[in-house]
Amino acid sequence: ILTRGPNVPGIVQSLDARWPELVPFNVTNLPSFPVHVLPAALRDWVAAESHATQTPPDLAGLLALATASACIARNVMVELPGWREPTNLFVAVLLAPGNRKSAVFADATKPLREVEAALIEESRPIVARARSERRQKEARLKRLEKIASEKVGNEAAEAQREAGNLAEELALEPEPADPRLIVDGATPEAVAVLLGCQRGRIASMAVEGGVFDLMAGLYSKNGVANFDVFLKGHAGDDLIDDRVTRGSTRVERIAVTCAYAVQPV
């Protein structure tokens with residue numbers, strides 16, 4: 001390395017700057033997963049799951065933390081002086097094939113999937129009734145609008161007034177939707193739609209890495225990567241998504257939890 005002398009302007013001197021020992025990119029020396037810092041119930045489960053499946057505790061530990069974070073996302077914030085952080089995690093565990101990733105993933109996410117199934121079953125008749133009532137209102141609105149545009153006099157005025165009131169009522173009612181907690185292999189556009197009808201939070205959890213291809217624009221018409229919804233969902237930003245084909249989606253403080261168990265490749 002050549003440098004200008006500190007006391008003599010214009011004089012260039014040589015310094016002995018030997019390279020440190022090179023560290024290969026394919027060699028890592030990571031610390032062991034800190035199972036001991038987990039709460040007792042979670043610590044015991046991670047230890048038992050790791051022993052039963054003969055897998056590293058990192059796999060069960062990270063997936064368990066992601067599942068727990070999906071349960072409190074958007075409802076709990078970590079706050080320090082001058083700093084606030086959402087509690088939804090982004091987790092990707094890398095293991096070579098044949099290491100029982102799928103088994104541990106299924107066990108770690110099972111409680112969340114069971115809750116989701118119970119919520120869907122419980123709300124099924126309520127959602128069906130709400131959808132039926134909305135379709136009836138929409139059909140009535142079309143009839144009123146047709147009368148208002150074709151008739152004259154008091155009949156048209158009355159139809160116009162009723163149509164306006166019904167349109168306002170429909171605008172204030174959310175679209176009926178089945179409750180969802182987890183999505184697997186959805187495009188970023190589908191995640192944005194789900195956030196709009198699931199009160200601003202969703203968990204993207206998969207045991208394969210196909211979701212990264214979707215983020216990279218696998219099904220995009222122009223092949224452009226689209227991961228804005230995940231970036232905003234990590235930071236807790238507002239989602240404002242205006243698309244011609246599916247209308248506008250606006251949700252405050254969205255929370256997207258990500259948990260993937262994939263092969264290194």
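Helix 3 gives the largest pocket the largest share of its lining, six residues. This is a predicted model, and the pocket is a good place to start exploring it.

**The largest pocket**

The space inside the largest pocket comes to about 980 Å³. It is lined by 32 residues, and those closest to its centre are Ala-177, Gly-196, Cys-197, Gln-198 and Arg-199. Which elements supply at least two residues of the lining each? They are helix 3 (101-150), helix 5 (188-197), strand 7 (201-206), strand 9 (247-251) and strand 10 (255-262). If you are thinking about the chemistry of that lining, its residues divide into 18 nonpolar, seven polar and seven charged.

**The protein as a whole**

Stepping back, the secondary structure of the protein consists of seven helices and ten strands. How does the radius of gyration of the protein stand against that of a compact globule of 265 residues? The protein has 27 Å, while such a globule would have a value near 18 Å. Along the principal axes, the C-alpha atoms fill a box of roughly 95 × 65 × 40 Å.

Burial and surface come next. Of the 265 residues, 31% count as buried. The protein exposes about 17,500 Å², and carbon and sulfur atoms supply 57% of that area. As for contacts, take those between residues at least 6 apart in sequence: 62% of them join residues at least 24 apart.

**Four loop residues**

Four charged residues deserve a closer look, and the table puts their accessibility side by side.

| Residue | Loop | Relative accessible area |
|---|---|---|
| Asp-184 | between strand 6 (182-183) and helix 5 | 53%, exposed |
| Arg-199 | between helix 5 and strand 7 | 75%, exposed |
| Arg-100 | between strand 5 (90-94) and helix 3 | 44%, partly exposed |
| Arg-253 | between strand 9 and strand 10 | 40%, partly exposed |

Asp-184 sits in the loop between strand 6 and helix 5. Is Asp-184 buried or exposed? Asp-184 counts as exposed because its relative accessible area is 53%, and the cut-off for that class is over 50%. Leaving aside residues up to four places away in sequence, Asp-184 touches Met-205 and Ala-206. Asp-184 and Glu-116 are 68 residues apart in sequence, with 13 Å between their C-alpha atoms.

Arg-199 lies in the loop that runs between helix 5 and strand 7, and it is one of the residues closest to the centre of the largest pocket. With a relative accessibility of 75%, Arg-199 is classed as exposed. Arg-199 and Glu-169 are 30 residues apart in sequence, and their C-alpha atoms are 20 Å apart in space.

The other two arginines are worth a look for their backbone angles. Arg-100 has a positive phi of about 65°, although it is not a glycine. Arg-100 belongs to the loop between strand 5 and helix 3. Why is Arg-100 partly exposed? Its relative accessible area is 44%, and partly exposed covers the range between the cut-offs of under 20% for buried and over 50% for exposed.

Arg-253 also has a positive phi, near 50°, in a residue other than glycine. Arg-253 is placed in the loop between strand 9 and strand 10, two of the elements that each supply at least two residues of the pocket lining. At a relative accessible area of 40%, Arg-253 is partly exposed.

Terms used: Residues are numbered from 1 along each chain as its sequence is written. This is a predicted model: local features need pLDDT of at least 70, side-chain atom pairs count only at pLDDT 80 or more; totals for chains, interfaces and linings use all residues. Side-chain values use heavy atoms; hydrogens and water are left out. On a 1 Å grid over the protein atoms alone, a cavity is a set of points where a 1.4 Å probe fits but cannot get out, and a pocket is an open set with protein on both sides within 12 Å along at least five of seven lines; lining residues have an atom within 4 Å of a point. Grid points are joined across faces, edges and corners, and a volume is the space filled by probe spheres set on the points. Helices (H or I, at least four residues) and strands (E, at least two) are DSSP runs, numbered from the N terminus. Ala, Val, Leu, Ile, Met, Phe, Trp, Tyr, Cys and Pro count as nonpolar, Asp, Glu, Lys and Arg as charged, and the others, Gly among them, as polar. The radius of gyration is taken over C-alpha atoms; the globule rule is 2.2 Å times the number of residues to the power 0.38. Buried means under 20% relative accessible area, exposed over 50%, partly exposed in between (1.4 Å probe, protein chains only). Contact means heavy atoms within 4.5 Å. Accessible areas come from the Shrake-Rupley method with a 1.4 Å probe; for residues, only the protein chains shown count as cover.
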